[in-house]
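I opened a new notebook page for this structure. I will look things up one at a time and write down what I find.

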Amino acid sequence: MIVQMIDRLIGRIGKSKALDAVGKPVASEVQKLTEPTVVRNALSGSWLGHPLHPVLTDVPIGAFTMATALDVSMGDEGAAAAKRLVGLGLLASAPAAWSGASDWSTLHGAIQRVGLVHGALNGAATGLQVMSWFARGRGHRGTGTMLSLGAVGLTVGAAYLGGHLSFVRGVGVSHEAFQTRKSGWTDVAGADELIEGRPKRVMVGETPVVIVRKGGHDHALSATCSHAGGPLDEGNVEGDCIECPWHGSRFRLADGEVERGPASIAQPAWHVRTEGDRIQVRPAPR
Ligand code: FES
């Protein structure tokens, strides 16, 4: 019963196009602010090989939860430690919020709207924690405790929506994770079908693979972008990388490593060889 009510509520948020009046311009501004490659890579987690946002959120959520646990279980005795934990949570909230905003800014439609409400709830929770920290500083421990309790309630709601985005809607999940990679060499194309610098899509079983001839060498990567499933074979070759046409992630042709986010997970690479007049591929070890 409760689950159905929550599902209906999330469904309504997803359909609420009025949210786009706020979401779209904010997403566009976030995209502009995170445009430099060094910023985009730092926030998306390209350097970590894993989305950064879920890692960073553990710190503020843990600190705020422990502050509330001390408030409830230790009273005045735990007041100083609880205030320090609220302060730590606030400091850790900024990078967590920026990494989340960067990820969110590439979303569209219903998932962008749900993400907007997720961010708004976290923003409201942070506001209450700021008020709590000041109240605690002035010696109003009871007020601080109540404000933190309210904030933790909002954080639980925001966390539910974040979990929904990841585990129900697949945001942040590698979009090639469930594709099989048939072992052994597979004949996929004629050698004369490859044109220097032009990506070619081939199929290995049900898995799309993009082959690129660059500087006389042939490279192959899985063609479904790990970020959100974009078709890499429709992207451009930029230097030694291929750029996804959907959100501009760049993957090194040689090994699939991420050169530019928002993707954070490397693209699986394939070995390529020419046998007579045929091109063959087989999965490279991850
Ligand atoms: S789908 Fe987003 S960068 Fe490829």
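**Entry 1: two helices side by side**

I noted first that this is a predicted model. I began with a helix pair, H5 and H6, which are roughly antiparallel to each other. Where do H5 and H6 lie in the chain? H5 covers residues 79–104 and H6 covers residues 109–137. I looked up the angle at which they pack, and it is about 160°. Angles over 145° count as roughly antiparallel, so this pair earns the label. Their axes are 10 Å apart. H5 passes H6 in a left-handed crossing.

Next I asked which residues make the contact. From H5, I listed Ala 82, Lys 83, Val 86, Gly 87, Leu 90, Ser 93 and Trp 104. From H6, the list includes Gln 112, Gly 115, Leu 116, Thr 126 and Gln 129. Val 130, Trp 133, Arg 136 and Gly 137 of H6 also take part.

**Entry 2: H6 has another partner**

I then followed H6 to H7. The axes of H6 and H7 come within 8 Å and cross at roughly 160°. That makes H6 roughly antiparallel to H7. H6 passes H7 in a left-handed crossing.

I picked one residue of H7 to look at. Thr 145 sits in helix H7, which spans residues 141–168. Is Thr 145 buried or exposed? Its relative accessible area is 12%, so Thr 145 is buried. I set aside residues up to four places away in sequence and checked what Thr 145 touches. The answer is Asp 71 and Arg 136. Arg 136 was already on my list for the contact between H5 and H6.

**Entry 3: rings**

I searched the whole structure for aromatic pairs and got 1. The pair is Trp 133 with Phe 134. The ring centres are 5.4 Å apart and the planes are at 80°, so I wrote down edge-to-face. Planes over 60 degrees apart get that name.

How accessible are Trp 133 and Phe 134? Trp 133 has 30% relative accessibility and counts as partly exposed. Phe 134 is partly exposed too, at 46%.

I also found a charged side chain over a ring. Arg 181 lies over the face of Trp 270. The distance from the ring centre is 5.4 Å.

**Entry 4: the end of the numbering I checked**

Arg 286 belongs to the segment after strand S10, which covers 278–283. With a relative accessible area of 69%, Arg 286 is exposed. Which residues does Arg 286 contact, leaving aside neighbours within four places in sequence? I found Glu 176, Arg 181 and Pro 268. Arg 181 is the residue I had seen over Trp 270.

I compared chain and space here. Arg 286 and Thr 186 are 100 residues apart along the chain. Their C-alpha atoms are separated by 18 Å.

**Entry 5: a glycine in a loop**

Gly 235 is in the loop between strand S4 (217–222) and strand S5 (236–238). At 7% relative accessibility, Gly 235 counts as buried. Beyond residues up to four places away in sequence, Gly 235 touches Pro 199, Glu 243 and Pro 245. I also took a C-alpha to C-alpha distance from Gly 235 to Arg 138. They are 97 residues apart in sequence and 57 Å apart in space.

**Entry 6: a cis bond and a helix that reaches it**

Most peptide bonds are trans. Which form has the bond from Gly 261 to Pro 262? That bond is cis, with omega near 20°. Pro 262 is in the loop between strand S8 (258–260) and strand S9 (269–275).

I then met Gly 261 again from another direction. Asn 41 lies in helix H3, residues 37–44. Its relative accessibility is 15%, so Asn 41 counts as buried. Leaving aside neighbours within four places, Asn 41 is in contact with Ser 46 and Trp 47. Its other contacts are Glu 259, Arg 260 and Gly 261.

**Entry 7: the whole protein**

I finished with totals. The protein has 7 helices and 10 strands. Its C-alpha atoms fill a box of roughly 80 × 35 × 35 Å along the principal axes. Of the 286 residues, 44% are buried. I took contacts between residues at least 6 apart in sequence. Among these, 58% join residues at least 24 apart.

Terms used
Residues numbered from 1 in each chain as written. Predicted model: local features only at pLDDT ≥ 70, side-chain atom pairs only at ≥ 80, totals over all residues. Heavy atoms only, no water. Phe/Tyr/Trp six-rings, centres within 6.5 Å; stacked < 30°, edge-to-face > 60°. Buried < 20%, exposed > 50% of the residue type's maximum accessible area, 1.4 Å probe, protein only. Lys NZ or Arg CZ within 6 Å of the ring centre and 35° of its normal. Axes fitted to C-alpha atoms, helices over the stretch in contact; angles between N-to-C directions. Helix = DSSP H or I, 4+ residues; strand = E, 2+ residues; numbered from the N terminus. Parallel < 35°, antiparallel > 145°, perpendicular 65-115°, else oblique. Left-handed = near helix turned anticlockwise from the far one by under 90°. Contact = heavy atoms within 4.5 Å.
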